[in-house]
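Q: I am new to this structure and would like to learn how to read the meeting of two chains. Could you walk me through it?

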Protein chains: 2
Amino acid sequence: VTSPQGFLAGAATAGLRELKQGAPDIALLYSEQPCAAAAVFTQNRVKAAPVLLSQRHLADGRSQAVVANAGCANACTGEQGLRDAREMAELTARRLGVAVEDVVVASTGVTGCTLPMDSIRNPLLTIEPSRDGGESFARAIMTTDKVPKLAAAAFSAGSRRYVVGGCAKGSGMIHPNMATMLAFLTTDAPIEPAFLRQVLDEAVVVSFNMVTVDGDTSPNDMALVMANGVAGGEAIGAGHEAAPLFRQALRSTCVHLAKGLARDAEGATKLIEVRVEGATSEADARRAARAVAGSMLVKAAVYGCDPNWGRILVAAGYSGADLREETTSLYLQDACLLARGRLQPVDEASLRSALADPDVSIRLDLGLGQGRATAWGCDLTEDYVRVNSKYTT
Amino acid sequence: VTSPQGFLAGAATAGLRELKQGAPDIALLYSEQPCAAAAVFTQNRVKAAPVLLSQRHLADGRSQAVVANAGCANACTGEQGLRDAREMAELTARRLGVAVEDVVVASTGVTGCTLPMDSIRNPLLTIEPSRDGGESFARAIMTTDKVPKLAAAAFSAGSRRYVVGGCAKGSGMIHPNMATMLAFLTTDAPIEPAFLRQVLDEAVVVSFNMVTVDGDTSPNDMALVMANGVAGGEAIGAGHEAAPLFRQALRSTCVHLAKGLARDAEGATKLIEVRVEGATSEADARRAARAVAGSMLVKAAVYGCDPNWGRILVAAGYSGADLREETTSLYLQDACLLARGRLQPVDEASLRSALADPDVSIRLDLGLGQGRATAWGCDLTEDYVRVNSKYTT
């Protein structure tokens, strides 16, 4: 997230997390120049205080800094939550010398409890953002994540080289709807604000919105992109020759982070990639792919290396997508189990061993049209249950 | 299901189940008189062969017999599946001396494999239905169910006493949509066909459609009611003085069975009842109640006796129901945690011990209108994962 020029980050320890007490849990991301900025937020009716505040601060399409914390989501916290989110922005503005309205606030962690502001103030004011602080930032926003999720891509326009960077967190309560848990994207390219917004929306639809861990949409979801133009050159809008290159760079960064969320999901041992093609529309393909990736029964079968493929077809069947058994083909780890509605002979033992791979591929050809989409999910394990029943996370 | 007069049932062993090999797994339900009959079926686009056949057989609103089997769902089985379902109906018609079109066929078990008809023919033709065969029928259709689910209610009109009976099976792939796994309701009252259909639809909406175990809608869902009129008296239609009594009897039987499904769900240790009131509409109340009952995070928290109530509000928030934090009140095991958006002090230790009860009650007052609904679900345990990952069920 600090790979593009002119972005700095850093973190400190406020002791907000029940687990990993000594690790940094509050972090700043700062751009030396004001940025064009766009974000998508949770569609949950319950919106966390930092989401409500950041929506206001981003209304002008500009931003210069982010303050984020783990351990407490500051969600379901009413008026006190809004006051605390505002103080987070004020402290950050004071520390970095930027306008309060140019600070985005993001929180993640336990819902239903307020931020311990007394523990936050001093650590926040001591953070020293640096050019190599990206990984510290990514680690500080982790909750049940086991690994930090970082990605970057580069593209060129004329003689100039631009970089897109990003990081994300999240491993439970993941079923983003117009946004993900927390994702921060940065670029040093001079992107026009309207185009930035459009490209972010497009990228989120095929990346974060296609990930599901447990079907639970969090009230804190946020994906933010900031473009500071520090690498120079003329403004890049929709008509610019570099527009498709930026679009591709942001998209691949988002997809990389989205797959990282699924792979590192709570309790997960496998990444499941569900490709749906031949759907009546792209919207139908997305519906079917998300339903299969989200089915508890599919997830449990993948965990157990059980080639119980009927569950895949059943999930597509209740997804709302147009589907006819007699035109549907189904592939599991590239083995064809159903060809236009006809059962295919399959070597169950070799399919079972293929399912032991940490990457499981499901491909469903609905045989009806040109719509296609890919979704990512993970297996359902006893550890998911343990993580979410034994601790307040 | 044989409590009403004139209904007989029986079962035999065809060896269809991988587990419980010696137990009966194929069963007949038979009415001595032709019945007015109505059913609701799965809304999954993938419909099992017995569902497609039974929809045709029930088009005339009449039925006299049911043949049901466990171990194999005869779903995702194409043309062969339809031929096998038809043969099941023909064998039953021959055994009982009824018309083929008056036989309803129901199958439950593993999807994606065809019925072993060679193992089914002889056992099916040996079944001797009897007046006390209701429990054998209920046991024969169990899959991962641990207990048979039976219920009955009675009502009177004038000097006559009528009985409504029923049984149901299902403990995984439970998220009924216009129907449940398999439920069979019977009555000896002379119910007019149009009224029977209407009362069934009403009862299903508040019972089977409000149960969720894992969000997976099965392709075999079916709830059937048969009224044989054997107890005599004049036909009961919507305008009859006994109409509300029959409505209440069928509804309470369905609700009893629906709660039984949730309590006996795969891996479950607790029944969760979610009451939503104060919603803008009844549809909104149903949405919110089902979302809370179906949330993996709520289910896992209940399992671990973790009063992590933010997850409840979050699930209602993404349900699609109208919701405002500042008007919402939340009760867990009757303890008020949130009163019109304000956090309430609560003794966490006593709440934790209250959550150890096998019956967990969640009440959400949205404070917006008059809509109310109740949904039932169960906790999410390591055993659910084990059952659904280690065996093909």
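A: Let's start with a term: a polar contact is a pair of N or O atoms within 3.5 Å; within protein, one must be able to donate a hydrogen and the other to accept it, and residues adjacent in sequence count only if both atoms are side-chain atoms. This is a predicted model, where local features need pLDDT of at least 70, side-chain atom pairs count only at pLDDT 80 or more, and totals for chains, interfaces and linings use all residues. Residues are numbered from 1 along each chain as its sequence is written, chains are lettered from A and ligands numbered from 1 in the order in which they are written, and side-chain values use heavy atoms, leaving out hydrogens and water.

Q: How many residue pairs are in polar contact across the interface of chain A and chain B?

A: The rule finds 12 such pairs, both residues at pLDDT 80 or more.

Q: Which helix of chain A supplies the largest share of the side that touches chain B?

A: Helix 11 of chain A does, with 7 residues. Helices here are DSSP runs (H or I, at least four residues), numbered from the N terminus.

Q: How many salt bridges are there between chain A and chain B?

A: A salt bridge is a side-chain nitrogen of Lys or Arg within 4 Å of a carboxyl oxygen of Asp or Glu. The count is 4, and D322(B) with R45(A) form a salt bridge at 3.0 Å, N to O.

Q: How much area do chain A and chain B bury between them?

A: About 4500 Å², 56% of it on carbon and sulfur atoms. Buried area is the accessible area (1.4 Å probe) that two parts lose on being put together, summed over both. In chain A, R45(A), M296(A) and L297(A) lose the most area to chain B.

How values were computed
Helices (H or I, at least four residues) and strands (E, at least two) are DSSP runs, numbered from the N terminus.
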